[in-house]
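I opened this one to see how the pieces are put together. My notes follow in the order I looked things up.

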Amino acid sequence: EENGTVLLWGVGDVGWWRLKLEICSVEGKGRKGGIRMGVMKGGGGERVEKLKYSRMKLWMIRATTSVLLWTCIVQLTAVGETWGPRVLKGWPSCFTHQDSSFSVIEDKVLSVPARVLPPKRVYKNNGYLMVSCNGGLNQMRAAICDMVTIARYLNVTLIVPELDKTSFWADPSEFQDIFDVDHFITSLRDEVRILKELPPRLKRRVETGTVYSMPPISWSDISYYRNQILPLIRKYKVVHLNRTDTRLANNGQPLDIQKLRCRVNFSALRFTSQIEELGKRVMKLLRQNGPFIVLHLRYEMDMLAFSGCTQGCNNEEVEELTRMRYAYPWWKEKIINSDLKRKDGLCPLTPEETALILRALDIDNSYQIYIAAGEIYGGNRRMASLASAYPKLVRKETLLEPSDLGFFQNHSSQMAALDYLVSLESDIFIPTYDGNMAKVVEGHRRFLGYKQTILLDRRLLVDLIDQYNSGSLSWNEFSNAVKESHKYRKGQPTQRSVIPDRPKEEDYFYANPEECLKPSSYGQVSSM
């Protein structure tokens, strides 16, 4: 109306009504500014008019309106994150149709499925655990599984493990050079917090050498870490474990502990994309030529020097291996009787002995034999009988171009990672010594469906070989004895042996992680 009154008309349950808002000018004759509201009912009904609002009520209205507006903005923003890309997809682009390179990139990005991360586990952090792994790739692999499990059980933050750079192999590789470190961290975030490095305030302790460092006791029960290591972490905030090999017992651990060890091993520890892609290329080249067997021929210089096994070596080679054994102080056993050790089944089979055993097992000589190993000690001279019996003898170095392996040179752990991948996918895996790679690959192949792994009984085999070589056994007798003795040594489901107080002699957890296996799947695996 002309006097500044706003009238709103409407119809309700009690008849028509009129809402009157009267805006009072501040400049009126002695009148204060404000809003006056009243309701007038039709039919000459009584006019109800409220008192003038105070400035405080006006402020409250403004404040309420502001809160409502901000709430709407927040809600729209949240909805926009979900629906925005779909809505904006149809909007005109700043790029013209000639920008084909951008559209190609966009198509590739949209085609990659979104990765679903597990939710972070929330827990009170008791401190930080640093670990330095020792040994070769597969010894360190098992140690990493143990250390993750220990960190989870103690409710501490694990720093990405440091790999061994001072062992015989002198491999300078860092964790991220071999394993996908981001996948390692994110895939386990629902179990344990893992950081790439210590927070700055604690990192200075490492730089000044004031971090508490110690080797945990081998084959310890998880309660040892709760009762002995956790109090140290709480006291010092950071504890560094400088030895990690076989520091967690094989048996007697809670089921969730054992299952987490498996999860780390079979899921979280994924090799880098460069190693994975090269492994796929090697397997493709092998598959093009039919079935293949991986022979883990552990007849390398470091193994022979460490074990003291010199069967078939000449005097010069024996002296070289002995000098090497004495050069490494952490190899405790120095004086070794090679013949006695061999008869006890504690030596790796020689290439010549291996050729006899493969023939006795009726392994078809048309199969490809992939040698998963470093440089064989003695070279072609020692490999001659095996190459004669199985002409399709191949190695990664013969399948790939030198340029393909250039990046891996002088990085033995990365080379071992490549062999590990090929070993998992082979039709048969045969290790000639039960070292760390043999055991870890055996367990992984069990997990993949009890893929055939022939576990050679070396103590029995060297006796049979000696009898055959001396003429005490004919070839048929020798072959039948070898096959009969290995009928049930092909990676079938079996219970892990437990030897109280002698953990080194019992079955290794990672060779047969039975808590994580499905026994029924063995029958689906075909044998050759």
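I began just past helix H13, where Asp-362 follows the helix with a positive phi, near 60°. This is a predicted model, so I read every value here as computed from it.

**H13 and its cover**

I then went back into H13 itself, residues 351-360, and asked how many of its residues are buried. I got 8 of 10, so I noted the helix as mostly covered, going by the cut-off of under 20% relative accessible area. The buried ones are Pro-351, Glu-353, Thr-354, Ala-355, Leu-356, Ile-357, Leu-358 and Ala-360.

What covers them? I found strand S10, helix H12 (338-343), helix H14, strand S13 (428-431), helix H19 (458-470) and helix H20 (475-485) among the covering elements.

**The sheet of 4 strands**

S10 and S13 turned up in that cover, and I traced the sheet they belong to. I read an open sheet of 4 strands in the order S12-S11-S10-S13, with parallel pairing. S12 and S13 are its edge strands, each pairing on one side only.

I spent some time on S11, residues 368-371. Which way do its side chains point? Gln-368 and Tyr-370 go one way, Ile-369 and Ile-371 go the other, and all of them are buried. That fits the textbook picture, in which side chains of a regular strand alternate between the two faces of the sheet.

Next I checked the neighbours of S11. With S10 (residues 292-296) the pairing is parallel over 4 bridges. With S12 (residues 393-394) S11 also runs parallel, joined by 2 bridges. Tyr-370 shows up in both pairings: its bridge partner in S10 is Val-294, and in S12 it stands opposite Val-394. To get from S11 to S12 the chain passes through H14 (residues 379-389), and I noted this β-α-β crossover as right-handed.

**The sheet of 5 strands**

I looked at another open sheet, this one of 5 strands, in the order S7-S6-S5-S9-S8, with parallel pairing. Its edge strands are S7 and S8 (212-214), each pairing on one side only. I followed one pair inside it: S5 and S9 (residues 238-241) run parallel and are joined by 4 bridges. Leu-129 stands opposite Val-239 of S9.

**The second largest pocket**

I looked up the second largest pocket and wrote down a volume of about 470 Å³. Which residues lie nearest its centre? They are Met-130, Ile-159, Val-160, Glu-162 and Lys-196, out of 20 lining residues. S5 (128-131), helix H4 (175-178) and helix H6 each give at least two residues to the lining.

**Three single residues**

Pro-161 sits in the loop between strand S6 (157-159) and H4. Buried or exposed? I put Pro-161 down as buried, because its relative accessibility is 3% and the cut-off is under 20%. Beyond four places in sequence, Pro-161 is in contact with Val-131, Cys-133, Ile-144, Phe-175 and Phe-184. I also took its C-alpha separation from Glu-174, 13 residues apart along the chain, and got 9.0 Å.

Pro-199 is in the loop between S7 (194-195) and H6 (200-208). At a relative accessible area of 19%, Pro-199 is buried too, since the limit is under 20%. Tyr-128 is 71 residues apart from Pro-199 in sequence, and the two are 9.7 Å apart in space, C-alpha to C-alpha.

His-183 is placed in helix H5 (residues 181-187). I noted His-183 as buried, at 9% relative accessibility. Outside four places in sequence, its contacts are Arg-115, Ser-267, Ala-268 and Arg-270.

**Whole protein**

Last, I jotted down the totals. I counted 20 helices and 13 strands. The protein has 528 residues, and 44% are buried. Of the contacts with a separation of 6 or more, 72% are between residues 24 or more positions apart. The exposed area is about 29600 Å², with carbon and sulfur atoms supplying 55% of it.

Notes:
Residues numbered from 1 in each chain as written. Predicted model: local features only at pLDDT ≥ 70, side-chain atom pairs only at ≥ 80, totals over all residues. Heavy atoms only, no water. Buried < 20%, exposed > 50% of the residue type's maximum accessible area, 1.4 Å probe, protein only. Contact = heavy atoms within 4.5 Å. Pairing = 2+ DSSP bridges. Right-handed = clockwise from strand over helix to strand, strands pointing away. Areas by Shrake-Rupley, 256 points an atom, 1.4 Å probe, with all protein chains shown as cover. 1 Å grid on protein atoms, 1.4 Å probe; cavity = no way out; pocket = protein on both sides within 12 Å on 5 of 7 lines; lining within 4 Å. Points joined across faces, edges and corners; volume = space filled by probe spheres on them.
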